[in-house]
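Thanks for coming. I have one structure to go through today, and I will keep it short. Please have a look at it first.

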Amino acid sequence: MWGFWGVRQPQTWTGLTLDISKNIAFRYPSRPDAPIFENFSLFIEAGQTVALVGPSGSGKSSVVSLLERFYNPQYGSIELDGINIQEINFTVNRFPSYRH
């Protein structure tokens, strides 16, 4: 069985493991003097349900923006099932009718 980004998946697929590791650092390009994350890590097992909660300005939306690859971290990596998301072609998944 092949996954939606062309990576071989096990026959019984239960979801993706998310690993934001190696101490992510992130700053928005429009505000390079204001760090959003320094040494941020998060690990979510496949099948887990997780909620990001916190006060306004604590970085919840920034985590999602990094996952969606609207931005890339300054250092560190984000992996889905061991694959660095910078290596995944999300265009095909965001726009299923678009294929190259």
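**Overall layout**

Of the contacts in this protein with a separation of 6 or more, 55% are between residues 24 or more positions apart. Before I go on, please keep in mind that this is a predicted model. The protein has two helices and four strands, and along the sequence they come in the pattern β-β-α-β-β-α. Of its 100 residues, 28% are buried. The accessible surface is about 6800 Å², and carbon and sulfur atoms account for 54% of that.

Now to the aromatic residues. How many aromatic pairs does the structure hold? It holds five. Take Phe26 and Phe37 to begin with. Their ring centres are 6.4 Å apart and the planes make an angle of 40°; pairs from 30 to 60 degrees count as tilted, so this one is tilted. This pair links distant parts of the chain, since Phe26 sits in strand 1, residues 18–27, and Phe37 in strand 2, residues 35–44, with the two residues eleven apart.

Are these two rings on buried or exposed residues? Phe26 has 1% relative accessibility, so it counts as buried. Phe37 is buried too, at a relative accessible area of 7%. Phe37 also pairs with Phe40: the centres of those rings are 4.7 Å apart and the planes are at 20°, so that pair is stacked. Phe40 itself is partly exposed, because its relative accessible area is 24% and the cut-off for buried is under 20%. Taken together, ring pairs join Phe26, Tyr28, Phe37, Phe40 and Tyr71 into a cluster.

Next, helix 1, which covers residues 60–67. Which of its residues are buried? They are Ser62, Val63, Ser65 and Leu66. Looking down the helix axis, these buried residues fall within an arc of 160°, so they line one face of helix 1. Just after the helix, Arg69 has a positive phi of about 65°.

Val64 is also in helix 1. With a relative accessibility of 36%, Val64 counts as partly exposed. What does Val64 make together with Val50 and Leu52? The three form a nonpolar surface patch of about 210 Å².

To recap, there is an aromatic cluster that includes Phe26 and Phe37, and there is a helix with its buried residues along one face. That is what I have; I will take questions now.

Conventions: Residues are numbered from 1 along each chain as its sequence is written. This is a predicted model: local features need pLDDT of at least 70, side-chain atom pairs count only at pLDDT 80 or more; totals for chains, interfaces and linings use all residues. Side-chain values use heavy atoms; hydrogens and water are left out. Buried means under 20% relative accessible area, exposed over 50%, partly exposed in between (1.4 Å probe, protein chains only). The arc is that of the directions from the helix axis to the C-beta atoms. Patches are made of residues with over 30% relative accessible area and no salt bridge: like charges are joined within 9 Å, nonpolar side chains (Val, Leu, Ile, Met, Phe, Trp, Tyr) within 5 Å. Accessible areas come from the Shrake-Rupley method with a 1.4 Å probe; for residues, only the protein chains shown count as cover. A salt bridge is a side-chain nitrogen of Lys or Arg within 4 Å of a carboxyl oxygen of Asp or Glu. Contact means heavy atoms within 4.5 Å. Rings of Phe, Tyr and Trp (its six-membered ring) pair if their centres lie within 6.5 Å; planes under 30 degrees apart count as stacked, over 60 as edge-to-face and the rest as tilted.
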